[in-house]
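This report describes strand pairing and cysteines in one structure. The sequence and the structure come first, and the notes follow.

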Amino acid sequence: MMSVAREFGELYGYDFEDLRIGMSAEYGRTVTEADILMFAGVSGDTNPVHLDQEFAASTMFGGRIAHGMLSAAFISTVFGTKLPGAGCIYLSQSLKFKAPVKIGDTVVARVTVKELNAEKRRALFDTVCTVGGKVVLDGQAEIFIPPRG
């Protein structure tokens, strides 16, 4: 059985006061053809390395790759739904893309609390996405956690 605090955090987000350095959460998703097509449609990024197999086969990747920002969006999923959760405000994100993601890869986005600034109700997180344990992107994010009211 889940503790009341854990259940509350998962459903409604964590208050700033509940956060501790080292806390982490993750989200995993297997990237599909539909994900890439929908992301291209929503973002307007129709780079053929994402959409055209013939073109992509001639690149250093040897085939189509997912948009890097699609994997980065999974980090946002963790923030908005798990840690800190509902109501948090994304302030900044740095990203370093390390390896491509292809259709069928399962991306695991993980965020970990690195620093807490109680005066400003801000938290700094390490962010990383992996595929099969290999880092495909990493960075840091700053999140504001507003008081409940």
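## The hairpin

In this predicted model, strands β3 and β4 form a hairpin with 4 residues between them. Arginine 121 lies in the turn and has a positive phi of about 55°.

The two strands of the hairpin pair in the antiparallel sense over 10 bridges, with β4 covering residues 122-131. Within this pairing, valine 108 stands opposite threonine 130 in β4.

## The pairing of β1 with β3

Strand β3, which spans residues 106-117, also pairs with strand β1, residues 24-30. This pairing is antiparallel too and runs over 7 bridges. Here alanine 25 stands opposite valine 111 in β3. Strand β3 thus has pairings with β1 and with β4.

In a regular strand, side chains alternate between the two faces of the sheet.

## The cysteines

The structure holds 0 disulfides. A disulfide is a covalent bond that joins the sulfur atoms of two cysteines. For a pair to count, the sulfur atoms must lie within 2.5 Å.

Why does cysteine 88 form no bond with the closest cysteine sulfur? That sulfur belongs to cysteine 129 and is 16 Å away from the sulfur of cysteine 88, so the distance is too far for a bond. Seen from cysteine 129, the closest cysteine sulfur is that of cysteine 88, again 16 Å away and too far for a bond.

Are these residues buried or exposed? Cysteine 88 counts as buried at 17% relative accessibility, because the cut-off for buried is under 20%. Cysteine 129 is buried as well, with a relative accessible area of 0%.

Notes
Residues are numbered from 1 along each chain as its sequence is written. This is a predicted model: local features need pLDDT of at least 70, side-chain atom pairs count only at pLDDT 80 or more; totals for chains, interfaces and linings use all residues. Side-chain values use heavy atoms; hydrogens and water are left out. Two strands pair if DSSP finds at least two bridges between them. Buried means under 20% relative accessible area, exposed over 50%, partly exposed in between (1.4 Å probe, protein chains only).
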